[in-house]
Every structure is written in structure tokens, then in C-alpha cells.
Amino acid sequence: MWPTVVVGILVAVLFVAIIINLIRKKKKGKSNCSCGGNCGLCSMGCKSDNKE
Amino acid sequence: MSIKIALVGNPNSGKTTLFNALTGMNQYVGNWPGVTVEKKEGRLKKNEDVVLVDLPGIYSLSPYTLEEVVARNFLVEERPDVILNIVDGTNLERNLYLTTQLIELGIPVVIAINMMDIVEKNGDKIDIQELSKRIGCKIVVISALKGTGVNEAADIAVEVANSKEPAPVYNYSGVVEHAIAHIEEAAVHHMPEEQQRWYAVKIFERDKNVLEELNLAKEKLEHIEKDILLVENKLDDDAEAIIINERYLYIENILKGCFNKKSLGRLTMSDKIDRIVTNRYLALPIFIVIMFLVYFISIGSIGDWTVGFMNDTLFGEWIIPATETFFTNIGCQGWLVSLISEGIVSGFGAVLGFVPQLMILFLLLSILEDCGYMSRVAFILDRMFRKFGLSGKSFIPMLVATGCGVPGIMASRTIEQDRDRKITIMTTGFIPCGAKTPIIGLVAGALFGGSALVATSAYLLGVTAVVVSGIMLKKTKLFAGDPAPFVMELPQYHAPIYTNILRTTWERGWGFIKRAGSVIVAAGIIIWMLNHLSIDNGIKFITEETGGKSILEILGNAVSVIFRPLGFGDNFEPAVATILGLVAKEEVVGVFGTLSGGNAEMGFNLALNGSRLAGMSFMVFNLLCAPCFAAMGAIRREMNNWKWSAGAIAYMCVFAYAVSLMIYQFGSWFSGNGNLIGTIFASVVAIFMLYMLFRKDKNKIGER
């Protein structure tokens with residue numbers, strides 16, 4: 001029983017973390033494109049990262 | 001106090017390479033003009049107080065395209081402390097044309113002559129000291145690629161910025177100088193002294209932006225116009241041409257004696273290669289053979305082997321069974337083991353399995369880009385595109401889109417004409433991006449024995465879809481008009497720089513892995529849940545005993561009706577994969593991985609009942625239909641109009657549906673399994689498309 005609860009919670013946390021991360025990225029204006037929000041790759045977009 | 005250095009130069013002169021070398025950043029470098037369309041900032045590695053601004057490449061300060069506006073506005077409005085002007089030594093005269101304008105801005109200028117190794121290789125000689133004396137600016141020789149002289153250039157720029165001394169302006173011929181002096185006196189005398197000359201020259205050129213900015217009184221303008229007309233009459237030319245001519249005369253004078261061009265008239269190695277590669281008849285076959293080889297290596301041979309190993313052995317035999325054993329042994333219940341192994345690991349693994357294939361593809365494309373071949377492709381395709389009313393400029397966004405559609409769509413900003421830009425935005429998504437490559441790999445692997453022809457045909461289909469759309473759309477009133485002229489300087493070929501190639505390959509691949517680790521994992525969990533929950537008599541978990549239809553199956557079946565005429569609507573999985581592909585195109589493969597317990601190819605094969613025709617139709621639809629949400633967002637931003645954005649996305653979907661319908665219905669008919677109603681519909685679509693393609697272009701005649 002306990003292993004199921006612990007691992008289940010971990011899976012739920014992983015899922016929620018991914019969703020929160022995606023929402024945060026969206027709010028920051030970073031697109032979830034294949035360049036992964038990496039300005040080094042993205043020659044035009046993702047300008048918010050440039051001043052790192 | 002911080003110092004701001006602006007990196008300014010012609011397109012493809014090496015600004016971004018220098019920027020990366022000085023800041024330690026990893027901005028994308030491409031061996032074709034127009035890679036940078038927005039300014040980028042970074043701090044000098046050696047001195048955090050120094051800010052470097054990488055500006056888009058420009059030929060002049062007369063803004064014709066958006067990136068030229070970006071560069072000019074920055075220089076004029078923000079006035080950096082110093083301009084580090086990167087000059088391509090192999091094209092000295094043309095690069096110095098921009099230098100003459102930068103000097104007029106009244107901002108201190110340091111010249112960094114790049115690509116001196118090629119200059120020397122060509123046997124040309126530049127007397128740097130003499131040139132520096134004649135122009136009145138400090139000059140430093142650099143090789144941005146090899147990193148030589150770059151720190152010295154930055155040090156000199158900082159030194160010059162601190163001195164705050166602008167370069168001495170040069171004089172035009174008597175009449176022109178006289179008129180400019182009049183304008184300075186009449187219109188810009190109230191401005192800081194160092195800025196007066198640039199504004200006066202721009203007023204003389206009748207630069208619209210400057211005239212708007214200054215908003216001069218009508219009488220003053222009339223007075224100035226008299227001066228300009230006087231010069232124009234005397235020199236028998238228009239004001240802008242007079243200034244261009246004067247600048248080139250000045251450059252010719254200063255280069256006399258300090259620039260010895262031995263290679264004049266002699267063919268360089270690049271010219272010799274171009275004679276074959278851009279040959280009128282050979283260019284297109286060579287391009288097709290090269291793309292076939294790229295896909296043969298990346299998807300057909302080595303790539304197919306790596307995918308086989310990743311999917312069948314690494315995930316199929318090792319990771320998934322090990323995961324199941326581990327979580328069962330620690331006491332997790334069956335449903336949780338299934339969620340982890342099928343929902344998370346299988347979906348993630350199915351997508352991750354394509355990473356080596358993608359890495360090889362990205363590596364080969366990076367080599368082609370870096371050595372200079374891809375810019376030739378733009379030139380080759382311009383000849384073809386132009387016949388169909390499109391500009392070769394449309395190819396640059398397509399080139400960028402092979403990595404990711406989002407920057408590809410954004411690259412359409414380099415196209416000045418609104419209608420051409422809109423067509424490019426609408427069609428760039430047809431080119432298979434990195435995220436779509438696994439779909440091609442899946443179809444090729446599951447139904448065509450990993451044949452490279454599938455991938456090559458997918459790429460060529462993308463280019464054909466662009467051309468066909470271009471022809472059809474250009475004949476409508478909305479997009480009518482001649483294509484914008486396409487002027488692009490072909491860069492010299494050079495051996496690929498391994499740091500550039502590895503950086504680009506790694507970053508594209510890493511972006512793909514990160515996405516698989518986030519969107520794909522989350523989507524895998526949702527798919528697994530929807531596939532294991534039933535709503536028969538309330539929500540309940542499906543087990544072998546209970547049976548029943550899952551929510552996913554019900555939803556999938558509802559949607560799959562739409563895809564039945566396309567051949568992949570008999571089962572719910574392809575419909576679910578297509579819809580979830582809108583979230584991220586990688587998810588198309590992820591769905592089959594999750595639903596088949598890790599073996600995406602087997603799942604795909606079963607879902608399409610082993611039909612190659614249906615598989616091809618599925619691939620074509622998913623490659624051509626609406627892109628992922630991120631790319632749709634980019635379309636909305638670039639179109640800046642929701643109606644146009646919705647129209648663009650709707651067009652892509654309808655076009656994809658029409659092409660897939662024709663492929664499946666005609667294919668079925670030829671193979672003897674044709675459906676009469678389906679064939680009639682496909683014929684109507686084909687006739688309509690042929691009519692749109694070959695009808696008379698009324699708008700063109702009207703324009704003439």
C-alpha cells in the first residue's frame with residue numbers, strides 16, 4: 001500500500017511540476033518551441049532570455 | 001559607468017560570431033545573411049561593465065527592411081558609446097560603404113577587418129596602417145571564427161569609447177558639400193554638433209523617416225528643396241544616387257594605394273564550386289541528391305539502426321521491463337506500474353528513441369548551413385520560386401524552419417512586402433521541422449522498412465506544397481503582385497567550423513529532449529488516464545475483467561470519422577495522435593508509444609492495419625496541417641491580426657486534408673480498392689487545385 005501511495009504522490013508531483021513550469025513559461029512569454037526557449041538556437045524569438 | 005559597444009556590419013560579416021566570442025554567449029550563427037533580425041545584448045566576458053549589442057546586418061542606414069530599421073533606430077536613438085564596425089575584408093569596397101555612413105553619425109567608430117585569412121589566401125593585400133590613417137579610425141584585424149584579434153578589438157573599442165572622439169567626417173564634392181552646409185544651417189543647427197551632419201545628409205537624400213522625425217516647417221522645407229534641386233540639376237542625378245556615388249568615389253580614393261586586389265577577375269575556389277552547384281541545369285538535381293543523402297544517412301541507414309536500437313533494445317528490452325520489475329518488486333499496485341511504464345516511460349521513450357536520428361539530421365544540416373551551401377539553395381530556389389510568383393527570400397524562413405517552425409515563421413520579418421510575408425508565414429509550416437521528423441521516421445520505419453525515400457519525399461513535398469500554395473495564392477486578389485526582388489550575397493565556402501556545428505546540433509537536440517521531458521511526459525500521463533478510464537455507468541478504471549470503452553477511445557472515435565476519407569480513421573489512435581500533435585508534433589509518436597506499451601512502430605502499424613497508403617496519407621496530413629500551438633502563437637504574433645492568423649491555420653488544414661485525400665483515394669483506386677464516392681470527391685478537389693494552379697493570372701495582367 002505505502003509504496004503505491006509514495007510513488008503515486010511522486011508521479012502527481014512530477015505532473016503538477018511540469019504543468020506549472022509550462023504555465024510559467026507561457027506567462028513569461030517563452031514559447032515552448034523546439035528550441036526549448038534557448039535563445040542561442042532561436043535566431044529571432046525568445047528575446048526575453050537574451051539578457052541573462 | 002558602463003560602456004555600450006554596438007556591433008555593426010554587413011549581413012554575414014561575422015558579427016554574431018564575434019559577439020559569441022566576446023560575450024561567451026551562444027547566439028545562433030549561420031553562414032547566410034539575415035540570421036539576426038533583432039538586436040541582442042550581452043556583457044563582455046573580460047569586463048562586466050561593457051555591454052555589447054549585436055545588431056542585424058545592414059548594407060546602409062537607409063532603412064528598407066525591418067532589420068535595417070532595428071539597427072538604424074538603435075544607432076540614431078540610443079547612440080552607443082562606440083561602434084565596432086565589422087568589415088568583411090573580402091568585400092572591402094562594399095563594406096566600407098556602410099562605414100562612411102557610420103562615421104557620419106558622429107559616434108566613435110573602430111573598424112574590425114574580418115576574414116583576413118581569406119583575403120591573404122586570395123593574394124590580396126590591405127595596408128592596414130595607411131587605411132586607418134586615411135579613414136581616421138582605428139583598425140584592427142580579426143578572425144571571428146578563429147577568435148584571433150577579438151579581445152584586442154574589444155580593448156580598442158573601450159579605449160575609443162572613453163576618448164569620446166568621433167571619427168573625422170570626409171568631404172563630398174563642392175556642390176554637394178555646399179548644399180549640406182546650407183541644410184545644416186537651416187534645419188539642424190539646434191542639434192548637438194556631432195549629429196548635425198548625419199541629419200543634414202539624410203535630409204539631402206529626402207529620407208522619409210528623418211523628415212517625419214524632424215517635422216520641419218513648410219517654408220524651411222521649400223528652402224532646402226531649392227538647394228537639393230540645384231545640385232540635382234547640376235549633377236544630373238537624384239539626390240540619393242548623388243550621395244551613393246559620392247561615397248563610392250571617396251572609398252575608391254582612400255583604397256588607392258592601400259588595397260591591392262590581385263584576385264580581380266580571377267575565379268576563387270567558391271566561384272569554381274558555384275559554377276557547378278548553382279548551374280542552371282545541375283543545381284536542382286544536385287540539391288535533391290544532397291537532401292536524399294542527408295535523409296539516407298540520418299533516417300535511412302545509420303539513423304534507422306539507432307532508432308531500432310533505442311526503441312527495440314534500449315527501451316523495449318531493457319528500460320521498460322526493468323521499470324516494471326522495479327516498481328512491482330517494491331510493492332506498487334499494477335495500475336501504477338502500468339501508468340509509469342506505459343504512460344511515462346513508453347511515451348517518453350518512443351519520442352526519445354528518435355533523438356540519435358535527429359542529432360544526425362541536425363548535424364548534417366548544420367554542416368550544409370555552415371559551409372555555405374544552404375545559402376546557394378536560396379539562390380537556386382529563387383530562380384524556381386520567381387517563376388511562380390514567390391521570392392527566394394521565402395526560402396530563408398524555410399531554412400530556419402527545418403530546425404523549428406517558430407523562429408522560421410519569425411524569420412519572415414526580413415520580407416518587406418506584406419503580401420509576400422503573409423504567404424511565407426502561411427507556408428513555412430509545410431517544411432518538416434525537427435519535431436515532425438519523428439513522424440517521418442515512424443512511418444518510414446513502421447511501413448517502409450526505414451526507406452530514406454520517405455523522408456526525402458517528405459522534404460520535397462514540403463517544398464512543393466510551398467510552391468503550389470504560392471502559385472494558387474498569388475493568383476488571388478489578396479496576394480497579387482510581383483515578388484519582391486531578392487538580393488543576397490553568397491558567402492564564401494569554408495570548411496565547417498566544428499564548434500558551430502556541434503553547438504547548433506547539441507542545442508537543437510537538447511531542446512527536443514527537454515520538450516520530450518516536459519510536454520510529452522505530461523501528455524503521456526493524460527493519455528494513459530484517458531485510455532484506462534471508462535465513463536460507462538460512471539467513471540471507473542478499466543481492467544481486464546471490467547472491459548469497456550475508454551474515454552480516449554470514445555473521443556478518438558468521434559474525431560476519427562473526419563479522417564476516414566483519408567484512410568486513417570478506422571481506429572481511434574491515429575485521430576488522437578493527430579489532435580495531440582497540435583500540442584507538440586513529437587506527441588504524434590508519443591501517443592503510439594504510450595498506447596502500444598513502448599513499441600510505437602508496432603502500434604502505428606496495427607492502428608493503420610499495415611496499410612502503406614494510409615501511412616503515407618497520415619504522414620502527409622500531419623506534416624502539412626496546422627503546426628503545434630507554439631508555432632500557431634508565432635503566426636498570430638507575426639500576422640498581428642486574428643482573422644489572418646485563423647485564415648492561415650485554416651488554409652494549412654484544408655490544404656493538408658485535400659492533399660491527403662487525393663493521395664489516399666487515388667492510391668486506393670490505382671491499387672484496385674478504390675471507393676467511388678471518395679474518388680469523385682478527390683477528383684473534384686484535384687480539378688479545383690489544377691484550375692487554381694493553371695488559371696489565367698488576371699491580377700498580373702491588370703497590373704501590367
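**Stop 1: a parallel pair of strands.** Select strands β4 (residues 82–88) and β5 (residues 109–114) of chain B: the two run parallel and are joined by six bridges. As you look, remember that this is a predicted model. To see one place where the strands meet, select Asn85(B), which stands opposite Ile111(B) in β5(B). Now follow the chain from β4(B) to β5(B): the path goes through helix α3 (residues 92–104) of chain B, and this β-α-β crossover is right-handed.

**Stop 2: both faces of β4(B).** Keep β4(B) selected and show its side chains. Which residues point one way from β4(B), and which the other way? Val82(B), Leu84(B), Ile86(B) and Asp88(B) point one way, while Ile83(B), Asn85(B) and Val87(B) point the other way. Both groups are buried, and the count for the strand is seven of seven residues.

**Stop 3: strand β1(B) and its partners.** Next, select β1 (residues 3–9) of chain B. Five bridges join β1(B) to β4(B), and these strands run parallel. Two places are good for zooming in: Ala6(B) stands opposite Ile83(B) in β4(B), and Val8(B) has Asn85(B) as its bridge partner in β4(B). You have already met Asn85(B), which also stands opposite Ile111(B) in β5(B).

Add strand β3 (residues 50–54) of chain B to your selection. β1(B) and β3(B) pair in the parallel sense over five bridges. Ala6(B) takes part here too, with Val53(B) as its bridge partner in β3(B). How many of the seven residues of β1(B) are buried? Five of them are, and the strand is mostly covered.

**Stop 4: a helix residue beside the strands.** Select Ala157(B), which you will find in helix α6 (residues 150–163) of chain B. Is Ala157(B) buried or exposed? There are 30 other C-beta atoms within 10 Å, so Ala157(B) is buried. Among the residues that Ala157(B) touches are Val82(B) and Leu84(B), two residues that point one way from β4(B). Ile5(B) and Val110(B) are also touched by Ala157(B).

Try a distance tool next. The C-alpha atoms of Ala157(B) and Asp81(B) are separated by 9.1 Å, although these residues are 76 residues apart along the chain.

**Stop 5: two loop residues with positive phi.** Go to Asn12(B), in the loop between β1 and α1 (15–23) of chain B. Its phi is positive, at about 60°, although Asn12(B) is not a glycine. Asn12(B) counts as buried because it has 26 C-beta neighbours inside 10 Å.

Then jump to Arg79(B), in the loop between α2 (66–78) and β4 of chain B. Here is another residue other than glycine with a positive phi, near 40°. Arg79(B) has 16 other C-beta atoms within 10 Å, so it is partly exposed.

**Stop 6: an exposed helix residue.** Select Leu229(B), which lies in helix α10 (residues 218–235) of chain B. Why is Leu229(B) counted as exposed? Leu229(B) has 12 other C-beta atoms within 10 Å, and a residue is exposed if that number is 12 or fewer. For another distance, pick Ser13(B): the C-alpha atoms of Leu229(B) and Ser13(B) are separated by 37 Å, and the two are 216 residues apart along the chain.

**Stop 7: a helix with a bend.** Now select helix α23 (residues 498–532) of chain B, which has 35 residues. From its first C-alpha to its last, α23(B) reaches 48 Å, close to the 51 Å expected at 1.5 Å a residue. Where does α23(B) bend? Look at Ala516(B), where the bend is about 30°.

**Stop 8: zoom out.** Show all of chain B, with its 32 helices and ten strands. The radius of gyration of chain B is 30 Å, close to the 27 Å that the globule rule gives for 704 residues, so chain B is as compact as a globular protein of that length. Its C-alpha atoms fill a box of roughly 95 × 65 × 50 Å along the principal axes. Buried residues make up 52% of chain B. Of the contacts in chain B between residues at least 6 apart in sequence, 71% join residues at least 24 apart.

Finally, select chain A. You will find one helix and zero strands there, and 31% of the 52 residues in chain A are buried.

Technical notes:
Residues are numbered from 1 along each chain as its sequence is written. Chains are lettered from A and ligands numbered from 1 in the order in which they are written. This is a predicted model: local features need pLDDT of at least 70, side-chain atom pairs count only at pLDDT 80 or more; totals for chains, interfaces and linings use all residues. A residue is buried if 20 or more other C-beta atoms lie within 10 Å of its own, exposed if 12 or fewer, and partly exposed in between; C-beta atoms are placed from the backbone. Helices (H or I, at least four residues) and strands (E, at least two) are DSSP runs, numbered from the N terminus. Two strands pair if DSSP finds at least two bridges between them. A crossover is right-handed if, with the strands pointing away from the viewer, the path from the first strand over the helix to the second runs clockwise. The radius of gyration is taken over C-alpha atoms; the globule rule is 2.2 Å times the number of residues to the power 0.38. Two residues are in contact if their C-beta atoms, placed from the backbone, lie within 7 Å. The expected span of a helix is 1.5 Å times one less than its number of residues. The bend at a residue is the angle between axes fitted to the seven residues ending there and the seven starting there. Lists of a residue's contacts leave out its neighbours within four places in sequence.
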